[in-house]
Amino acid sequence: SMIMGILNIIKHVVLILYVSFIVSLILIGAVGEFVVEDKRGLQEFLVVTAIFTPIYLAFLWGKNE
């Protein structure tokens with residue numbers, strides 16, 4: 001059951017990255033162009049991930065209780 005728990009966590013981490021990537025792409029598309037030189041796209045992706053991850057994990061935690 002320990003292995004299933006780890007696989008579950010990995011699955012959710014991948015999901016978080018995937019969703020936050022899509023969200024940041026949408027945000028970048030809405031707010032401005034994807035600027036490679038600036039690395040602004042990457043920054044926005046990291047910001048979205050940093051905001052989204054704890055909320056999502058807290059939600060999972062609450063569901064497991």
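Helices in this tour are DSSP runs of at least four residues, numbered from the N terminus. The model is a predicted one.

**The whole chain**

Begin with the entire protein on display. The protein has 2 helices and 0 strands. Of its 65 residues, 18% count as buried. The accessible surface comes to about 5400 Å², and 75% of that area belongs to carbon and sulfur atoms.

**Stop 1: Thr49**

Select Thr49, whose place is in helix α2. With a relative accessible area of 12%, Thr49 falls under the 20% limit and is therefore buried. Now display its surroundings: leaving out residues up to four places away in sequence, Thr49 touches Leu17, Ser20 and Pro54.

**Stop 2: the aromatic rings of helix α2**

Remain on helix α2, which covers residues 40–64. A search of the whole structure finds 2 aromatic pairs. Select Phe52 and Tyr56 for one of them: the ring centres lie 5.9 Å apart and the planes meet at 15 degrees, so the pair is stacked. Phe52 and Tyr56 are 4 residues apart in helix α2, about one turn of the helix.

Colour these two residues by accessibility. Phe52 counts as partly exposed, at 29% relative accessibility. Tyr56, at 16%, counts as buried.

Next, add Phe59 to the selection. Tyr56 and Phe59 form an aromatic pair that is tilted, with 6.4 Å from centre to centre and 35 degrees between the planes. Tyr56 and Phe59 also both lie in helix α2, here 3 residues apart, about one turn of the helix. Phe59 is at 49% relative accessibility; because exposed requires over 50%, Phe59 counts as partly exposed. With the three side chains shown together, the ring pairs can be seen to link Phe52, Tyr56 and Phe59 into a cluster.

**Stop 3: His12**

Keep Tyr56 visible and select His12, which is found in helix α1. His12 has a relative accessible area of 18% and is buried. Which residues does His12 contact, leaving aside its neighbours within four places in sequence? The contacts are Tyr56 and Leu60. Tyr56 thus appears at two stops: as a contact of His12 and as a member of the ring cluster.

**Stop 4: Glu44**

Return to helix α2 and select Glu44, which is found there. Draw a distance from the C-alpha of Glu44 to the C-alpha of Val23: these residues are 21 places apart in sequence and 9.7 Å apart in space. When residues up to four places away in sequence are not counted, Glu44 touches Ser24 and Ile28.

**Stop 5: a nonpolar surface patch**

Finally, switch to a surface view and select Leu15, Tyr18, Val19, Phe21, Ile22, Val23, Leu25, Ile26 and Leu27. These residues make a nonpolar surface patch of about 770 Å². Val23, the partner in the distance drawn from Glu44, is one of the patch residues.

Within the patch, centre the view on Leu27, which lies in helix α1 (residues 2–31). Is Leu27 buried, partly exposed or exposed? Its relative accessible area is 40%, which lies between the 20% and 50% limits, so Leu27 is partly exposed.

Methods. Residues are numbered from 1 along each chain as its sequence is written. This is a predicted model: local features need pLDDT of at least 70, side-chain atom pairs count only at pLDDT 80 or more; totals for chains, interfaces and linings use all residues. Side-chain values use heavy atoms; hydrogens and water are left out. Buried means under 20% relative accessible area, exposed over 50%, partly exposed in between (1.4 Å probe, protein chains only). Accessible areas come from the Shrake-Rupley method with a 1.4 Å probe; for residues, only the protein chains shown count as cover. Rings of Phe, Tyr and Trp (its six-membered ring) pair if their centres lie within 6.5 Å; planes under 30 degrees apart count as stacked, over 60 as edge-to-face and the rest as tilted. Contact means heavy atoms within 4.5 Å. Patches are made of residues with over 30% relative accessible area and no salt bridge: like charges are joined within 9 Å, nonpolar side chains (Val, Leu, Ile, Met, Phe, Trp, Tyr) within 5 Å. A salt bridge is a side-chain nitrogen of Lys or Arg within 4 Å of a carboxyl oxygen of Asp or Glu.
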